[in-house]
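Work through the exercises below with the sequence and the structure at hand. Try each task before reading its solution.

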Amino acid sequence: MNIIARNIQPDIPAYSPAGNECTLFETAWTRQLPLLLKGPTGCGKTRFVSHMAQRLGLPLTTVSCHDDLAAADLTGRFLLKGGDTVWVDGPLTRAVREGGVCYLDEVVEARKDVAVVLHPLTDDRRILPLERTGEELEAPPAFMLVVSYNPGYQSLLKALKPSTRQRFVAIEFDFLPKAREIEVVSAESGLPATAVEPLVELARRLRALKGHDLEEGVSTRLLVYCASLIDAGLAPRDAVRAAMIEPLTDEPDVRTALLELAQAVIR
């Protein structure tokens, strides 16, 4: 979550660029190119999209993808209303009709038929065929498709196919360097940087365990939660357990080992 206290405008979500991702986003939007964001959970992908959509003055439609999300959930379906059968647009169809950014978060979690719907929107055609209504919608210049996923969660059954990945311009996200992350967490939580520093150090050590004892490391989002609890008066060790240890694992042995690590770092 690459965020800072200062905004470009009051209504724009704060965001601290880690590289040239803002320029890349603007250029992709100008050139009508679809964008793929990849990186670990809680590193700032969703905040980045929200920041850029408001910065460009574009409506934002966000869809959190899941196992049961089918193409019809995005495009729309016929529903009974007052005894009549009427067509109701899904979020993707509404975004194509009206323009703006349509953001599909964790797109690999959706069912396979979703990729088929996205393909004609992610090449030079920029169209959305609606087979059930016989329509073929052409995306306006102000429409932009953005998708994200966490490569760390990929499996043989849930991986973004190369034929789909190569339809997007891609930006890789990661956690900020230590000094920058301290600044971000301090600004977001209100906790002084000196008190945030050991929290960030612990997070970095826990992230090093990813793929061994842990499936995923501590996100910047969890760091902000932890620092906010401490700033509100909760004891640091209790805040660390609630916001940085318990969310990571349900295994008693692993939890005990993580708590011992936390006690060595948080004094």
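## Aromatic rings

F48 is buried in this predicted model, with a relative accessible area of 0%.

**Exercise 1.** Classify the ring pair of F48 and F173 as stacked, tilted or edge-to-face.

Solution. A pair of aromatic rings is described by the distance of the centres and the angle of the planes. For F48 and F173 the centres are 5.3 Å apart and the planes are at 55 degrees. Stacked needs under 30 degrees and edge-to-face needs over 60, so the rest count as tilted. The pair of F48 and F173 is therefore tilted.

**Exercise 2.** State where F48 and F173 lie along the chain, and decide whether F173 is buried or exposed.

Solution. F48 belongs to helix α2, while F173 is in the loop between β9 (169–172) and α7 (178–189). The two residues are 125 residues apart, and their pair links distant parts of the chain. Buried means under 20% relative accessible area. F173 has 4%, so F173 counts as buried.

**Exercise 3.** Find how many aromatic pairs the whole structure holds, and describe the one formed by F25 and F48.

Solution. The search gives four aromatic pairs. In one of them, F25 and F48 meet edge-to-face, at 5.5 Å centre to centre and 90 degrees between the planes. F25 is in helix α1 (residues 21–30) and F48 in helix α2 (residues 45–55), so this pair ties together parts 23 residues apart in sequence. F25 is buried, at 0% relative accessible area.

**Exercise 4.** Name the members of the aromatic cluster that includes F48.

Solution. The cluster is formed by Y15, F25, F48 and F173.

Methods: Residues are numbered from 1 along each chain as its sequence is written. This is a predicted model: local features need pLDDT of at least 70, side-chain atom pairs count only at pLDDT 80 or more; totals for chains, interfaces and linings use all residues. Side-chain values use heavy atoms; hydrogens and water are left out. Rings of Phe, Tyr and Trp (its six-membered ring) pair if their centres lie within 6.5 Å; planes under 30 degrees apart count as stacked, over 60 as edge-to-face and the rest as tilted. Helices (H or I, at least four residues) and strands (E, at least two) are DSSP runs, numbered from the N terminus. Buried means under 20% relative accessible area, exposed over 50%, partly exposed in between (1.4 Å probe, protein chains only).
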